Amino acid sequence: MMNKGAFEVAAPGSFIDEPAGERVNLMGLGRAGLEAFFGTLGEKPFRASQVLKWVHQFRVRDFDAMTNLGKALRSKLAEIAEIRPPEIVSDRMSADGTRKWLLRVDAGNCIETVFIPEESRGTLCASSQVGCALNCTFCSTAQQGFNRNLRSDEIIGQLWLAASLLERPGREHRAVTNVVLMGMGEPLLNFESVAGALDLMLEDFAYGLARRRVTLSTAGVVPGIDRLSGRCPVSLAVSLHAPDDGLRNELVPLNKSYPIGELLAACRRYAAANPKEKITFEYVMLDGVNDSPDQARALARLLGGLPAKVNLIPFNPFPETRYRRSPQARIDAFRDVLLRAGLVTITRKTRGEDIDAACGQLAGRVQARAARVRRKQAAARRPEAPA
Ligand code: SAH
């Protein structure tokens, strides 16, 4: 069925004009990487700032247009380097203005990126892996299986593409004011590439975003949370989804490795090292599974004493899921328990559902390594569908 109001925007294949070569892709290099690169060419470190600006602020791909580099350097760069974003396979706009891109990252794999416009800000939801290995039972990315980590250039390339399509270079007005790593994948299981891309998001000569405008969401990779705190402490969101280990083991199997107690201890350390920002706890609302008033009270007790805010996410269904979204009244009642306990709580507005761009609906096209086995196991676990 054609979704009402949703439509195709840009022509597929835009931005790619030649096959991938052996050239160095400057897209993913931060200041340190570029300085090292220019060092090997016998050039001064300040070249890094110049090129960062050309690539990420003016979004120029043609070295010849980089007029503050000498002619010889420009032709050298054209020979050995390139500025290559992922290839756009499709570009769709939801009736509510949410836009979703399907991006090819290699011959067999595509990822998804979503832009969510709001009155006072524009948020880009970027992916960090091709698929996901965590197997959360309520997430459609999990059904796709896992193929590989994205490189820094493929992560920052999503922001580069969105800015290119939405903004005019050099203008003060910014369409993308916030970035959330809440697309496909678990960012803390791809630490180095994600950190490299975060550096570019924060870098003044690139996107210059404030830390509080960049959010990394994790299913709870405890060592990764500590590493992030020391390396690049952006805003942290944690996918909690259950107030006790029994249920969380089921919904987020990673909980068996890092149970709630250890996860919240890591959150306390993160908060102590970064005292200005609250940690967001995400909680998907699954009808009859995790949405009772008792569970709300247990959640409030758990988060007591933490600088926390809670983000309730109405479950977004996808084909063959065993779950249903909690009714609105139940979501409101759950929220009210948390509010009465003094927790800042908001219910996330569902956006882009008509183009499958809502939380947990990003599927991309993943050549999964073990997807068939996984699907069989999932089918065996799935209870009888309700009539
Ligand atoms: N792996 C990271 C990044 C994904 S962020 C993480 O787990 O945090 C995407 C958010 O949407 C997570 O909180 C995820 O648990 C939630 N989500 C996944 N599937 C969903 C669905 N079907 N409906 C609503 N939210 C979902």
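An oxygen atom of the ligand lies 2.6 Å from an N or O atom in the side chain of His-241. The model is predicted. Its ligand fills the space of the largest cavity, and the protein buries 95% of the 540 Å² that the ligand exposes when taken alone. A pocket of about 900 Å³, the largest one, is also described below.

**Ligand contacts**

- Two backbone contacts involve nitrogen atoms of the ligand, at Gly-185 and at Asn-316.
- At Gly-185, a polar backbone atom is 3.0 Å from a ligand nitrogen.
- At Asn-316, the distance from a ligand nitrogen to a polar backbone atom is 2.9 Å.
- His-241 contributes through its side chain, with an N or O atom 2.6 Å from a ligand oxygen.

**Shell around the ligand**

- The shell holds 20 residues.
- Nearest to the ligand are Phe-138, Ser-217, Ser-239, His-241 and Asn-316.
- By class, the shell has ten nonpolar, eight polar and two charged residues.
- Three strands each give at least two residues to this shell: β11 (214-218), β13 (279-285) and β14 (308-314).

**Largest cavity**

- There are two cavities of 30 Å³ or more.
- The largest has a volume of about 510 Å³.
- Its lining counts 31 residues, and Phe-138, Cys-139, Met-182, Ser-239 and Gly-360 are the closest to its centre.
- Helix α4 (140-143) gives two or more residues to this lining, as do strands β11, β13 and β14.
- The cavity lining divides into 17 nonpolar, eleven polar and three charged residues.
- Phe-138 and Ser-239 are among the residues nearest the ligand, and both are also among those closest to the cavity centre.

**Largest pocket**

- The largest pocket encloses about 900 Å³ of space.
- Of its 35 lining residues, Arg-121, Thr-123, Val-180, Asn-311 and Arg-348 are the closest to the centre.
- Strands β6 (109-117), β7 (122-125), β10 (178-181), β12 (235-239), β14 and β15 (344-347) each give two or more residues to the pocket lining.
- This lining comprises 15 nonpolar, ten polar and ten charged residues.

**Shared element**

- Strand β14 supplies at least two residues to the ligand shell.
- Strand β14 also gives two or more residues to the lining of the largest cavity and two or more to that of the largest pocket.

Definitions and conventions. Residues numbered from 1 in each chain as written. Predicted model: local features only at pLDDT ≥ 70, side-chain atom pairs only at ≥ 80, totals over all residues. Heavy atoms only, no water. Near = heavy atom within 4 Å. Polar contact = N/O pair within 3.5 Å; in protein donor to acceptor, adjacent residues only side chain to side chain. Areas by Shrake-Rupley, 256 points an atom, 1.4 Å probe, with all protein chains shown as cover. 1 Å grid on protein atoms, 1.4 Å probe; cavity = no way out; pocket = protein on both sides within 12 Å on 5 of 7 lines; lining within 4 Å. Sits in = over half its atoms within 2 Å of the grid points. Helix = DSSP H or I, 4+ residues; strand = E, 2+ residues; numbered from the N terminus. Nonpolar A, V, L, I, M, F, W, Y, C, P; charged D, E, K, R; others polar. Points joined across faces, edges and corners; volume = space filled by probe spheres on them.
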